[in-house]
Amino acid sequence: MVEKLGIGREKIVELSNYLYKNYGTTMAGLRAVGYDFDYDDYHSYVHGGLPYENLKPDPQLRSLLLTLPIRKIIFTNADRVHAIKALSKLGLEDCFEGIICFETLNPTHKNTVSDDEDDVEFLGSVSTTTSVAKNPEIFDIIGHFADPKPGATLPKTPIVCKPQDSAIELALKIAKINPQRTLTDSARFQLFFDDSVRNIQAGKRVGLHTVLVGTSQRPKGADYALESIHNIKQALPELWETDVKSDVSYAGQVAVETPVIA
């Protein structure tokens, strides 16, 4: 934000908090208030300095995932490069059917907000990001909250991401998952795991059974709460029951699930 967009360093903390709180991610908020940038450049810059070396193989989680006899799909706001690198470091790259990531829900560099999701179809290829003209007007979100004006509203973001209900609904559509199939079904369970309360509550709003990871305290919107993802079998042993088993195996690396606009 300082080096690429020229935002004053003294504004960063307050601005970031407003953007994250109101748009789900700082990136989505920056685009909403009028900043333009290449999405791939943004992700490369933000993730480029992360200490991936701190991630170590997790054989316990790998064993749990490989023996879990239901479909397993990753849904992340991060880009595909970050997701694949993290999975590789953890030794989990062959434990999932696919990845629904930033590029999946944002296949082109859009500068308009569209509610039309009917033209999205699943494809395995990756769309090319294109650039758009920079918006010369920047919305002052700090001033908006410091001195609220009657009737003033926040601008919308062109980025689709959690915790937007529409993002989760689109991810379900791409994965061909019907959220109305609940734990009472005899076929297979459909659970949404996340470490964000906001994301969990969004998942609940669209009809999913939800599991909050990282705490044993179960907030509103969470059907289950796990202190650690490693506790999944103790908390949900029914997932391993034979009557819900299906032939699920993944060879090689996970596929990145990316739609294109027709």
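Q: What span should the 12 residues of α1 have, at 1.5 Å a residue?
A: Some ground rules come first: residues are numbered from 1 along each chain as its sequence is written, and side-chain values use heavy atoms, leaving out hydrogens and water. This is a predicted model, where local features need pLDDT of at least 70 and side-chain atom pairs count only at pLDDT 80 or more, while totals for chains, interfaces and linings use all residues. The expected span of a helix is 1.5 Å times one less than its number of residues. The end C-alpha atoms of α1 are 16 Å apart, which agrees with the span it should have, 16 Å.

Q: How many helices and strands are there in the protein?
A: Both kinds of element are DSSP runs numbered from the N terminus: helices are H or I with at least four residues, and strands are E with at least two. Counted that way, the protein has 10 helices and 8 strands.

Q: What percentage of the 262 residues count as buried?
A: Buried means under 20% relative accessible area, exposed means over 50%, and partly exposed is in between (1.4 Å probe, protein chains only). By that rule, the buried share of the 262 residues is 42%.

Q: Which residues of α1 are buried, and what do they line?
A: The buried ones in α1 are I12, L15, S16, L19 and Y23. An α-helix has 3.6 residues a turn, so residues three or four places apart point the same way. V13 and K21 are exposed on the other side of α1. Seen down the axis, the buried residues fall within an arc of 100° (taken from the directions from the helix axis to the C-beta atoms), so they line one face of the helix.

Q: Which helices do the buried residues of α1 pack against?
A: Contact here means heavy atoms within 4.5 Å. At the end of α1, the chain goes on to G24, whose phi is positive, near 90°. As for packing, the partners of the buried α1 residues are α2 and α7.

Q: Which residues touch the most other members of the largest nonpolar core?
A: A nonpolar core is a set of buried Ala, Val, Leu, Ile, Met, Phe, Trp, Tyr and Cys residues joined through side-chain atoms within 4.5 Å. This one has 20 residues, and the members that touch the most others are L30 and F37.

Q: Which element gives the most residues to this core?
A: Two or more residues come from each of α1 (12–23), α2, α3 and α7 (141–146). The top giver, with 5 residues, is α2.

Q: Which residues does L30 touch, not counting those up to four places away in sequence?
A: Some of its partners sit early in the chain, including M1, L5 and I7. The full set for L30 is M1, L5, I7, L19, Y35, F37 and Y42.

Q: How many residues does the other core have?
A: It lies apart from the core that L30 helps to build. Among its members are A167, L170, A171 and I174, and its count of residues is 18.

Q: Within what arc do the buried residues of α3 fall?
A: The residues concerned are Y39, Y42, H43 and H47 in helix α3 (residues 39–48). They line one face of the helix, because seen down its axis they fall within an arc of 105°.

Q: Which residue caps the N-terminal end of α3?
A: Exposed on the far side of the buried face of α3 are D41, S44 and G48, while cover for the buried residues includes α2 (26–33), α5 (80–90) and α6 (102–105). At the N-terminal end, a side-chain oxygen lies 3.0 Å from the backbone nitrogen of D40, and the capping residue that owns this oxygen is D38.

Q: With which side chain does the side chain of E103 make a polar contact?
A: E103 lies in helix α6 and is buried, with a relative accessible area of 7%. A polar contact is a pair of N or O atoms within 3.5 Å; within protein, one must be able to donate a hydrogen and the other to accept it, and residues adjacent in sequence count only if both atoms are side-chain atoms. At 2.7 Å, the partner of E103 is R80.

Q: Is K176 buried or exposed?
A: K176 is found in the loop between α8 and β4 (191–194). Its phi is near 60°, a positive value in a residue other than glycine. With a relative accessible area of 64%, K176 is exposed.
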